[in-house]
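Q: Please take a close look at one sheet in this model and how it is held together. Then set it against the rest of the chain.

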Amino acid sequence: MSAWLRLAGLCLVLVSLPASAQVVQQLIDERGDGAGHPLRGARGIAVDHRGNVFVAGMISRNVLRIGPDGKIVQVIGPDGDGAGHELREPRSLAVDAKGNLYVGGVGSANVFQVTPDGSKRQILDASGDGRGNALYRPIALAVDGQDNLYVAGAGSQNVLKRTPQGVVTNLIGGGGAGPGQELRRPNGLAVDRHGIVYVVGARSRNGFKIEPSGRITQIIDGKGAGEGKPLQFPNGIEVDGEGNAYVSGNNSGNILKITPAGEIREIMGSQGIEKDVRLGGPTAVALDRDGNVYVARGGPYSVYQVTPQGVITRVLDQLGDGRGHSLKGAGAVEVDAQGDLLVTGTGSHNCFRVVPPGPRRDAIVDAPRAAGAR
């Protein structure tokens with residue numbers, strides 16, 4: 001294990017775990033199911049309550065399911081629902097409490113529902129809510145505890161809500177919270193256990209909170225945490241059980257925490273604490289029940305854990321599982337119900353499971369959620 005490093009005045013510590021302290025397993029590679037359905041450009045990831053892992057292939061235009069037994073099956077392909085509604089560039093996935101999978105097609109401007117029995121149907125298209133609020137480039141999905149689906153349209157500058165009964169409403173548009181607080185290119189989406197929706201705007205360099213009452217509040221802007229800790233091109237957001245929001249700034253190379261009281265602080269920054277810990281280009285952020293934050297970095301290819309105490313641990317790097325299966329372009333991260341970390345490699349066309357040291361357990365997540373992707 002490398003020596004612990006500290007900076008005066010900061011609660012930042014780097015730890016590199018020895019290989020024996022955790023288990024890294026490649027779940028799927030570019031061969032996909034091995035039966036003619038490859039995995040190319042692995043990006044979005046989701047896991048259901050049965051332990052099924054779903055991985056979206058942006059280039060292969062499909063979603064593959066990896067069962068708890070390791071069996072791999074394609075659940076939706078380029079032909080979408082098979083009724084003339086194609087799937088192009090799937091990048092974000094979400095799963096509801098019933099096990100329904102939701103797939104956003106960025107290039108096809110639509111969203112599909114895939115039921116546990118394999119039935120597929122298009123539930124949203126470019127017409128959006130059908131009342132003038134369109135849906136273009138659905139780049140981020142999230143589901144709440146009542147199985148309401150939320151979709152961020154990067155091209156239509158909005159967030160749509162769809163109820164299980166099929167009622168679609170527009171929660172926020174390009175006007176954001178009002179003049180000077182517009183929403184441009186929403187790129188990350190989350191919802192907490194109270195039904196409060198969080199969205200970040202990559203081009204507007206800000207983030208919003210949308211309450212069930214419809215009230216919209218800007219919670220962060222381009223100034224970030226101030227004092228040289230700005231927010232530039234936010235591309236992911238997550239929220240914990242206490243209402244703390246965590247935002248990844250792709251171009252500012254940092255992770256910012258926003259408390260319910262509005263306090264903003266940087267928990268991992270671009271300056272790093274040694275050369276190989278510089279956080280250039282975070283691509284996704286995820287949380288576990290203990291308050292640990294997981295950060296994927298596109299290049300060089302690494303995933304870090306940041307504990308509530310500020311300890312930074314590199315949990316995965318470009319060596320992947322260390323047995324010849326490398327990680328290139330970490331695209332998405334998620335934590336399953338046993339506390340295992342799931343990571344997709346967009347450039348290596350694969351997905352890894354990282355089992356942390358210590359006992360595994362049940363029920364990690366307070367509510368289903370999904371981070372955005374650049």
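A: In this predicted model, four strands make up an open sheet, ordered 2-29-28-27, with antiparallel pairing. Strand 2 (23-28) and strand 27 are the edge strands, each pairing on one side only. Averaged over the sheet and ignoring direction, neighbouring strands are turned by 25° against each other. Strands of a sheet pair through backbone hydrogen bonds, either parallel or antiparallel.

At one edge of the sheet, strand 27 is joined to strand 28 by five bridges, and the two run antiparallel. Val335 has Leu341 of strand 28 as its bridge partner.

A salt bridge also involves this part of the chain: Arg353 pairs with Asp340, and their closest N and O atoms are 3.7 Å apart. Arg353 belongs to strand 29 (residues 350-355), while Asp340 sits in the loop between strand 27 (330-335) and strand 28 (341-345), so the salt bridge ties together parts that are 13 residues apart in sequence. Arg353 and Asp340 are both buried.

Elsewhere, Arg61, Glu86 and Arg88 are joined into one network by salt bridges that share partners. The whole structure contains twelve salt bridges. Side chains of opposite charge can pair when their charged atoms come close. Two further pairs show other settings. Arg31 forms a salt bridge with Asp29, with 2.8 Å between the closest N and O atoms. In this pair Arg31 is exposed, at a relative accessible area of 61%, whereas Asp29 is buried, at 16%. Asp221 and Lys223 also form a salt bridge, their closest N and O atoms being 2.7 Å apart. Here Asp221 is partly exposed, with 23% relative accessibility, and Lys223 is exposed, with a relative accessible area of 58%.

Another antiparallel pairing can be followed in strand 11 and strand 12. Strand 11 (residues 138-143) is mostly covered, with six of its six residues buried. Five bridges connect strand 11 to strand 12 (residues 149-153), and the two run antiparallel. Within this pairing, Ala140 stands opposite Ala152 of strand 12. The two strands form a hairpin with five residues between them, and Asp147 in the turn has a positive phi of about 65°.

Strand 25 (residues 302-306) gives a view at the level of one side chain, that of Gln305. Gln305 has a relative accessibility of 16%, so this residue counts as buried, the cut-off being under 20%. The side chains of Gln305 and Tyr294 are joined by a polar contact of 2.9 Å. Beyond its neighbours within four places in sequence, Gln305 is in contact with Asn292, Val293, Tyr294, Val311, Ile312, Thr313 and Val315.

These parts belong to a protein chain whose secondary structure comes to 29 strands and zero helices. Of the 374 residues in the protein chain, 57% are buried. Among contacts with a separation of 6 or more, 47% are between residues 24 or more positions apart. The protein chain exposes about 14,800 Å², of which carbon and sulfur atoms supply 48%.

To return to the sheet, its order is 2-29-28-27, and the salt bridge between Arg353 and Asp340 links strand 29 with the loop between strand 27 and strand 28.

Terms used. Residues are numbered from 1 along each chain as its sequence is written. This is a predicted model: local features need pLDDT of at least 70, side-chain atom pairs count only at pLDDT 80 or more; totals for chains, interfaces and linings use all residues. Side-chain values use heavy atoms; hydrogens and water are left out. A salt bridge is a side-chain nitrogen of Lys or Arg within 4 Å of a carboxyl oxygen of Asp or Glu. Buried means under 20% relative accessible area, exposed over 50%, partly exposed in between (1.4 Å probe, protein chains only). Contact means heavy atoms within 4.5 Å. Accessible areas come from the Shrake-Rupley method with a 1.4 Å probe; for residues, only the protein chains shown count as cover. Two strands pair if DSSP finds at least two bridges between them. A polar contact is a pair of N or O atoms within 3.5 Å; within protein, one must be able to donate a hydrogen and the other to accept it, and residues adjacent in sequence count only if both atoms are side-chain atoms. Axes are lines fitted to C-alpha atoms, for helices over the stretch in contact, and angles run from 0 to 180 degrees between N-to-C directions.
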